[in-house]
Amino acid sequence: MQLDAAMLVAALIPSWSSVLLLASYLVYLAVAGTILPSKIVPGALLSDGSRLHYRCNGLVSLFLLLVLTATGVYMGWISPTAIADKGVELLSATFIFSLFVSFVLHAGGSRSHNQSSSLKPYVTGNFIHDWWFGVQLNPHFMGVDLKFFFVRAGMTAWLFINLSLLAKSYLAGTANLSVFLYQLFCALYIIDYFVHEEFMTSTKVGLHAGLWRSSFHSIHLQYTGVVAFTKQSGVTKCCCNSKLLDFCVFRGANKQKHVFKKNPNAHIWGKRPKVVGGKLLASGYWGITRHCNYLGDLLLALSFSLPCGASSVIPFFYPIYLLILLVWRERRDEARCSQKYKEVWAEYCKLVPWRILPFVY
């Protein structure tokens, strides 16, 4: 027992190779995001009238990294299980790096004299609150929007962590239906995210995600790699149908919101949109629940856990965690929208009474 604890503590101390691997990954993303061909997408209009512009080239960056990694594996320069073998070390290195960046951003942002909406410091005086939520709306480093950058880093890392775990499972002979099913679901979701990366420029929720999310997502693959999965076709069909439905809600809600912001007169589900007070969309998914994008996110998280079966609660850690997070976030969103839109928001709430899940909450 003492030996196992000592080994765990030793593994939590990042080696230089794990630090180099993480640093190389982040440097690649920063360089690729800057120099690769991209679509320039305008962000949301900020309170001071300014607007950020984003270089949406995540799909090109992702495929280039896949090609470079595959070449390295083929030539024998790197092991296909390198990430899986250094999993705990990389998690520790990422955690330390994240803490360092958060404290630097808090210190730098608090001392900023910039009065633009993106970089103006919003300091409450409560250190925990300011450190957790951030004091700048869109912090930058060398011209890179850090929130947008770390969302991309997390999504890309998710795929590569999974691929490395898949390689390790395959080489160990433990790969099963649930492993491949989960891998397929994740790959489709990640690729779709980058195909529609510009949607994230008009959503606040997506830009709050960070590099740490990939570690939670990969819990499913680590679990399914060592647990047998039933091969009944009915279960497989259930998982696939659930994934399809969940994906339609998730992607459809975000797309409708993005299209509405670009063109308030664009048809939704074949009809002119219903708009409350000339500001709030009340058609499509947004006419069913007030936070239908959260519902889609929760359903997707659940669909990633379903291939693992019900023999353990471990694979369901992420959807449970996300449920708590999004309910808490939804409450903050409701308070902010009520203050911002006042009677318009009250009218919208009467028209759309359900917060996240219709007829339940």
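**Exercise 1. Determine which residues Asp-333 touches, not counting residues up to four places away in sequence.**

Solution. Asp-333 touches His-291 and Tyr-294 when residues up to four places away in sequence are not counted, a contact being heavy atoms within 4.5 Å. The model is predicted: local features need pLDDT of at least 70, side-chain atom pairs count only at pLDDT 80 or more, and totals for chains, interfaces and linings use all residues. Residues are numbered from 1 along each chain as its sequence is written, and side-chain values use heavy atoms, with hydrogens and water left out.

Next, the side chains of Asp-333 and Tyr-294 are joined by a polar contact of 2.4 Å. A polar contact is a pair of N or O atoms within 3.5 Å; within protein, one must be able to donate a hydrogen and the other to accept it, and residues adjacent in sequence count only if both atoms are side-chain atoms.

Finally, Asp-333 counts as buried because its relative accessibility is 9% (buried is under 20% relative accessible area, exposed over 50%, partly exposed in between, with a 1.4 Å probe and protein chains only).

**Exercise 2. Establish how helix α12 and helix α13 pack.**

Solution. Helix α12 spans residues 292–305 and helix α13 residues 317–341; helices are DSSP runs of H or I with at least four residues, strands are runs of E with at least two, and both are numbered from the N terminus. The two helices pack at about 175 degrees, with axes 9 Å apart. Axes are lines fitted to C-alpha atoms, for helices over the stretch in contact, and angles run from 0 to 180 degrees between N-to-C directions.

α12 and α13 are therefore roughly antiparallel (over 145 degrees). Among the residues making the contact are Tyr-294 and Asp-297 of α12, and Arg-329, Glu-330 and Asp-333 of α13. By class, the contact has nine nonpolar, one polar and four charged residues; Ala, Val, Leu, Ile, Met, Phe, Trp, Tyr, Cys and Pro count as nonpolar, Asp, Glu, Lys and Arg as charged, and the others, Gly among them, as polar.

**Exercise 3. Explain why Cys-337 is too far from Cys-349 for a bond.**

Solution. A disulfide is a pair of cysteine sulfur atoms within 2.5 Å. The closest cysteine sulfur to that of Cys-337 belongs to Cys-349 and lies 8.4 Å away, so it is too far for a bond. By this rule, the count comes to zero disulfides. Cys-337 is buried, with a relative accessible area of 18%.

Methods:
Parallel < 35°, antiparallel > 145°, perpendicular 65-115°, else oblique.
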